[in-house]
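Colleague: I'd like to learn how to read a multi-chain model like this one. Could you take me through it, starting with how the chains touch?

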Amino acid sequence: MAPAFSALTLFDVVLCVLIIGVALCSSSVRDLFAATVLLIIYGVFVAIAWVRLGAVDVALAEAAIGAGLTGVLLIGAVARLKITESPAAAVSRWQFAAKVIPASLGLLIASGLAYLVLTVEWRETLQAPVLANLPDTGVLNPVTAVLLNYRAYDTLLETSVLFAALIASWCTTHDDLWGERAGLRQHTRRAGILATFGRFLPPIGLIVGIHIFWAGADKWGGAFQAGTIFAAVWILAIMAGVIDAPNATGRSIRSFAVAGPMFFTFVALTGVLAQSFLIIPVMVAKPLTLAIEACLTLSIAATLMLLVLGAPRRSA
Amino acid sequence: MLLDLAAPDFPWIALSVAIPLFAALIAALSSALAPVVAMIAALLCLGAALWTAVLVTTHGAQEVAVGAWPPPLGIVLRADGLAVAMLITAGLVSIAAFAFARQAFSARTQTPETRSAYSFWPLGLCVLAGVNAAFVSNDLFNLYVALELTTIAAAALVAMSGSRAAFEAAIRYLMFALLGSLFYLLGVVLTYSTHGVLDIRLLAISAESGPSTIAAAALMSAGLMTKMALFPLHAWLPPAHSAAPAPASALLSALVVKPPFVILLRIWFEAMPELVTPTLAQAFGALGACGVLLGSILAMRQERLKLVVAYSTVAQLGYLVLVFPLAGGGGAQQPWAAGAWTGAIFLTLSHALAKGAMFLAAGAFVEARGNDRLDSLVGLAREMPISCFAFGLAAVSLMGLPPSGGFTGKYLLLTSSFASGQWWWGIVLVVGGLLSAVYLFGPLSLMFAREPALAVTPVSRARQSIALLLGLLSILLGLFSEAPYRLLQVDRPGAAAEGFT
Amino acid sequence: MNGSIPFALCGAVLVGIGLYGVMAHDHLLRRLIAFNVTGSGVFLLFGSLSALSSGGATGAVPQALIITGIVVAVASTAFVLALVVRLKEEDVDAPAPGAFEGSSEHDDHAP
């Protein structure tokens, strides 16, 4: 037992050093594209750390959203900005001060937190009630129970945040381009590699997504992780020219983006019949939770896809 | 099961979040329906808030355990006097802003649909839902999500006009706000890991102040101070609030900066009252005083009306944190604490109404003259008496002249500052009032100048009177301060005896 | 020594690195990258403190809160990027002097 334990501890320490190292590189490298790629690698390492902490749901979310989606968003922005290097700043005394103050603040907060980590007696008391009430939630995965039952109100507001971010980024469209298709028009050669990928990968992605969605109720995964995978499939299909990019004024795409939060809010409102709010009745807990999750997955996929494509742009 | 609307435990406060959320989603589906839906939602929110006020004054604070899960497992929404007063104000200001916005952002007058006419309504409704959620939530993490919803929608409203300056202001606002969110979130993480709960009331029971609790409170406060633009973290506010279209500016200045302040109150007075040491309270007050002075001085130097009004927000927010030295710390048990606490909230409410009025009046001036430069206001009182009168009424409340709501608030703070022997905060209040008279006298004297006005595009009387209504309300808050005063005493934190009135 | 202490310390260091980047960098994209590093540092600290106190895996409540936080962070990131790209396009259409780095002059006041 003992040698295995220490080997794992060594693995953990090496992983932590790697994470910090990649974060430092990503922060210091001049080339913006490299910094972005390093951030994606960083996300993958952090996802492994989550597996080591026994948080598979978070690991999936970190890999799909933290590394994958954030990375795609950043790479897209770097490509559109057409600048890969931050301009060399003239070194003046003032700019030196502008680095020293953040550095000392960062050092102060990091060491303060480290001190607290090592000295404070930390407490986690909610795991017992989460498990004790699990039979009433209709799901077997405690994380899903928290997300869609105990603290479903957080999730309701969170899907509203995604919705607000979508409308907000549509708000950056040029006035004369309102109603055009999202992103740049894609021109893909029919026999090109992207077109081939675009035909083969989506069905596989769909199956993986459905699996993660379905597993979310019982083991790990769920609406956000599955929604991200569906969004990736959707984007791939658009890039390969299999389907057209949607436009913000289209009624169907708006319905897709809105359906999940709307159904969720509707369910929440029916709670007033029981003099409460957002009640998931025990008798219908399983089917109702699955229905909410299905609608949310659809809307999350549509919203993330639209966020990645971005506002309509003039072709260069 | 019958819907018993009259039952004292009917979850009205949950509706004040769910209704605007639902309306935002409908507005995103159909821009033709959006203005009507938004107006109905805001009216329903106001109605629900007023009825909750009745319930709260007769039955005491109202609670809804969401999903019927009691804390610490679930999230509790709670309406005490403070929350209800904020809900009513949010309802009033959003009704006014939506009524004023109907013309500029109506899909019916603009076919095919335009970008701004489409996006204003869902974003405005998200702001309303977000601030309402933050006013009633009693869960520290849930408050984080509510703040993020508000911030993203608010930043999009800043960028709405589509000008270069607006995009820059929005990015700058987001950079500050997101950094603030990280600090707040870090504080929430430490709180949960130390105490195992997120519910503010449960924290009040379990809080023993170890180093991690102190660090958590400091981090959350730093984040919230960034989001409420307290000196020295105020630099983002004036460009953001002045770049937005007028009805959005009204929402931003009147409402969006208020939830962080309310959460600060809840953390320091309800969750961790014993953490407020006299030194800390004085430090808070000093930041507030700096904000009052700097905001006022910068407001005097502006040449655009919306910037004057925006810098005035920086100054007015400074007054609010005087509540910490006057009602917090060792003073919490003192007879003047109740007065100071109530006074600060009266100022919050009257500032919201007055700022809403000012930005809507400024919006009318911009429509009439095409810009908001101070020199183009000359003689406008003859052409647009309603808007100028509205601006004047709001100015009376901001200066703290009787009989306005601003006067009631400042009077309560002033009496408690002298009663507690902290006369220096009284001086800040008086000097701040004088300075606000100076920076508001500039635009007012131009409006009421005898010289003839320059060319004016007419703005309908009905739309001008929206600002007038808000301005009047900020005065009426002082004239009829009895009922709101009683409302604010419901579940006022601390064991303070009835203070000076 | 509990197995999750290295991750908790790692989270603390990441928060420091990230906060430095958010405040010190002048390019908006770099600040956004640093913002994401800070966020995941906060989450890693959260998850490992939970694992630390239970002596096993991260609790379900912290896991759910972290997933919520990750989604909120990506929503904010997407919106900021949309604004940054649009600001850049504004400069391509009508270049202004010192345009894209224009916001850096304010950064001296950044907290």
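Modeller: Sure. Two residues count as in contact if their C-beta atoms, placed from the backbone, lie within 7 Å. Keep in mind that this is a predicted model.

Colleague: With that cut-off, how many residues does the contact take from chain C and from chain A?

Modeller: It takes 67 residues from chain C and 73 residues from chain A. On the side of chain C that touches chain A, α1, α2 (28-54) and α3 each supply at least two residues. Helix α3(C) gives the most, with 23 residues. Sorted by class, that side of chain C has 42 nonpolar, 19 polar and six charged residues.

Colleague: And how far can I trust chain C?

Modeller: Look at the confidence scores. Chain C averages a pLDDT of 84, and 81% of its residues score at least 70. Helix α1 (residues 5-24) of chain C has the highest confidence, at 95, and helix α3 (residues 60-93) of chain C the lowest, at a mean of 92.

Colleague: Where in chain C does pLDDT stay under 50?

Modeller: Over residues 96-111 of chain C. The model has 21 contacts beyond four places in sequence for that stretch. As a general idea, where pLDDT is low, the predicted coordinates should not be read in detail. For the model as a whole, ipTM is 0.94 and pTM is 0.94.

Colleague: What about chain B against chain A?

Modeller: That contact takes 54 residues from chain B and 50 residues from chain A. Several elements of chain B each supply at least two residues, among them α1 (12-29), β1 (62-65) and α5 (140-159). The largest share of that side of chain B, 11 residues, comes from α5(B). The side of chain B that touches chain A divides into 38 nonpolar, 12 polar and four charged residues.

Colleague: Why call α5(B) largely enclosed by the rest of the structure?

Modeller: A residue is buried if 20 or more other C-beta atoms lie within 10 Å of its own. In α5(B), 20 of the 20 residues are buried, so the helix is largely enclosed by the rest of the structure. You can check its length too: at 1.5 Å a residue, α5(B) should span 28 Å, and its end C-alpha atoms are 29 Å apart, which agrees.

Colleague: How do β1(B) and β2(B) pair, parallel or antiparallel?

Modeller: Antiparallel, over four bridges. B:Gln62, for instance, has B:Ala79 in β2(B) as its bridge partner. Then follow the side chains along strand β2 (residues 76-79) of chain B: B:Val76 and B:Arg78 point one way, B:Leu77 and B:Ala79 the other way, and all are buried.

Definitions and conventions. Residues numbered from 1 in each chain as written. Chains lettered and ligands numbered in written order. Predicted model: local features only at pLDDT ≥ 70, side-chain atom pairs only at ≥ 80, totals over all residues. pLDDT = per-residue confidence, 0-100. Nonpolar A, V, L, I, M, F, W, Y, C, P; charged D, E, K, R; others polar. Expected span 1.5 Å × (residues − 1). Buried ≥ 20, exposed ≤ 12 C-beta atoms within 10 Å, placed from the backbone. Pairing = 2+ DSSP bridges.
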